[in-house]
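Subject: The structure you asked about

Hi,

Here is the structure, ready for you to open next to your own notes. Have a look at it first, then read on.

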Amino acid sequence: MRIAFLVYTPKQKQGRRKSSSFDWSTNAGGYMIIDCLQRAGYSVSFCSPETAKEHDVVLVSLTSTFDIYNLISDIGRLASWRKGNRTFKVIAGGFGLQNIYPLRNYVDYGVFGRGENIIVPLVQAIERKKDFLHESVMALEHGVYPVKVAQAEALYPYELDTKPVKYKETEIGCPRKCYFCHYSFSRRNLKIHESSFLGAMGFTVKEVLFDKIFQDSDRKNKIRTALDGFSERLRFAFNKRLSNELIVQTVERASREWLGKSVWVSLYHIGSYPTETDEDREEFKKVLEMCNCTGKKVYIDVHVTPFRPSPLTPSAYLPANLSYDWSKKSNTTILIKENLKVGYMLFIESPFSLLQSLVAERATEKSDDIINTICFSKQLAKLKVVDKVYALSKTFDLTPYTREYHTKEKLSTWYLESYTPQEKVKEMARKLKENLGMPEDEK
């Protein structure tokens, strides 16, 4: 049985083959699948899109929805990958597999959620030319049908050789359940940490929960944390219950108590929430102006991720805003006062990047043309990033990817269900809309 992990868009870096699809510990899930297969006696190699046809099974790891475009850009024009031509079976999985529609013509099996207990029996079934039925696996020969996102029964017990470092899983999911967070709603939390979590896809950089910063014993390194909303109103609506008073108290306390000569903070925000206004954004600055840092200097770098109506979350039914360009805020200053400097990080994603996510996550069988245009259009590629959304809007109707959906409507990801039942998610969505001042009618 010839099994290979697909490596696409390869680059050379420090003598290693590096790619956006499979590299180092950021793809701990991919290495976990390799480890599972090797422990079952299978040999796993790597292949390119062109050499995939030399194997029996090709594994595709999607670490984010952007990998869908990376993948299609490399395989979309290869005859060997077309349905009917393929001589190998393609198994796709990973955190980036949130919607099967963009990939339905390129893969044979979609594994949704955790795959460590699925991959070996699936490969064995392919080897024996048998059908494989599992509630978390979609066999595309049968079309698109309901699946349940697989959850881990326990932390993965083995250390992974994610060169050049080793990785051992310490927790899964997040102890919080913010209404915008796909990770929180798709992965049940195991081994809850009081103060921090490692985040999605095996990142080895610790993110500290904002209201638990001082429960972390290490007070000398850079703080990575998240507020995820410029105003108290928006944070509370999305179940991120962090008050303005807490922000002031935390910044001032860090100035007094953090070790070292200064305090460095990477602060993550979500911007362009539905109903967000300039007043909401200005509130964040006013709160910071209230901070009286009497000790060490505090430097805060603010990274903004535009809001996404992610599948499986209550936010899935909300609209998205392509008109506010956060990338124009990159590397600009928010506030400078005594012992406190706050500014936006150097790189913030553009509306085009947001649109790519929206199309991938809300795609249907009618989305092939816009996805292929994003992947292959030379005219689009030549445009400046700031002009790409406008150019696409002249050819395609972007409304299905940006509009609000009623909870009684059928979403493009209608077939997905996680550990939180869809009906409960819909209840949360209705509550969220009410909290935002946009309640649903009966419809």
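Below is what turned up, going through the sheets, the helices, the rings and a few single residues.

One thing to keep in mind throughout: this is a predicted model.

**The six-stranded sheet**

Let's start with the sheet that holds strands 1 and 4 to 8. It is open, has six strands in the order 4-1-5-6-7-8, and its pairing is mixed. At the edges you'll find strand 4 (44-47) and strand 8 (137-139); each has a single partner strand, so one side of each has no neighbour in the sheet. From one strand to the next, the twist averages 25 degrees.

If you zoom in on the strand 8 edge, you'll see strand 7 (residues 109-111) pairing with strand 8 in the antiparallel sense, over three bridges. Within that pairing, G110 sits opposite M138 of strand 8.

Helix 3 (residues 119-127) lies across strand 1 (3-6), strand 5 (57-61), strand 6 (89-93) and strand 7. Its direction is at about 165 degrees to that of strand 6. In the loop between helix 3 and strand 8 comes K129, which isn't a glycine but still has a positive phi, about 60 degrees. K129 counts as exposed because its relative accessibility is 76%.

**The five-stranded sheet**

There is also an open sheet of five strands, ordered 12-13-14-16-15, again with mixed pairing. Here the edge strands are 12 and 15, each with a single partner strand, so one side of each is left without a neighbour in the sheet. The twist in this one averages 15 degrees from one strand to the next.

Strand 15 and strand 16 (residues 340-344) are antiparallel and pair over four bridges. One detail to look up there: I336 has K341 in strand 16 as its bridge partner. Packed on this sheet is helix 7 (residues 278-289), which touches strand 13 (262-271), strand 14, strand 15 and strand 16. The direction of helix 7 makes about 15 degrees with that of strand 15.

L335 is a handy residue to click on, as it belongs to strand 15. Is L335 buried or exposed? L335 is buried, because its relative accessibility is 8%. Apart from neighbours within four places in sequence, L335 contacts L288, E289, L340, K341 and V342. As for I300, it is 35 residues away from L335 along the chain, and the C-alpha atoms of the two are separated by 9.7 Å.

T275, in the loop between strand 13 and helix 7, is another non-glycine residue with a positive phi, near 75 degrees. With a relative accessible area of 31%, T275 is partly exposed.

**Two helices that cross**

Helix 2 (residues 66-75) packs against helix 8 (residues 351-361) at an angle of about 85 degrees, and their axes are 8 Å apart. That angle makes helix 2 roughly perpendicular to helix 8. Which residues meet there? From helix 2 there are F66, I68 and Y69, and from helix 8 there are S353, Q356, S357, V359 and A360.

**Rings**

Searching the whole structure gives 17 aromatic pairs. One of them joins W81 and F88: the ring centres are 5.1 Å apart and the planes are at 75 degrees, so this pair is edge-to-face. W81 is buried at 1% relative accessibility, and F88 is buried at 2%.

F230 and W326 make a stacked pair, with 5.4 Å from centre to centre and 5 degrees between the planes. F230 is in the loop between strand 12 (223-226) and helix 5 (232-237), while W326 is in the loop between strand 14 (297-306) and strand 15 (333-337), so the pair ties together parts that are 96 residues apart in sequence. F230 is buried, at 1% relative accessibility, and W326 is buried with a relative accessible area of 1%. Ring pairs also link F230 and W326 into a cluster with F284, Y324 and Y344.

Finally, two charged side chains lie over ring faces. R253 lies over the face of F214, 4.0 Å from the ring centre, and K410 lies over the face of W414, 4.5 Å from the ring centre.

Cheers

Terms used
Residues are numbered from 1 along each chain as its sequence is written. This is a predicted model: local features need pLDDT of at least 70, side-chain atom pairs count only at pLDDT 80 or more; totals for chains, interfaces and linings use all residues. Side-chain values use heavy atoms; hydrogens and water are left out. Two strands pair if DSSP finds at least two bridges between them. Helices (H or I, at least four residues) and strands (E, at least two) are DSSP runs, numbered from the N terminus. Axes are lines fitted to C-alpha atoms, for helices over the stretch in contact, and angles run from 0 to 180 degrees between N-to-C directions. Contact means heavy atoms within 4.5 Å. Rings of Phe, Tyr and Trp (its six-membered ring) pair if their centres lie within 6.5 Å; planes under 30 degrees apart count as stacked, over 60 as edge-to-face and the rest as tilted. Buried means under 20% relative accessible area, exposed over 50%, partly exposed in between (1.4 Å probe, protein chains only). A charge sits over a ring if NZ of Lys or CZ of Arg is within 6 Å of the ring centre and within 35 degrees of the ring normal. Angles under 35 degrees count as roughly parallel, over 145 as roughly antiparallel, 65 to 115 as roughly perpendicular and the rest as oblique.
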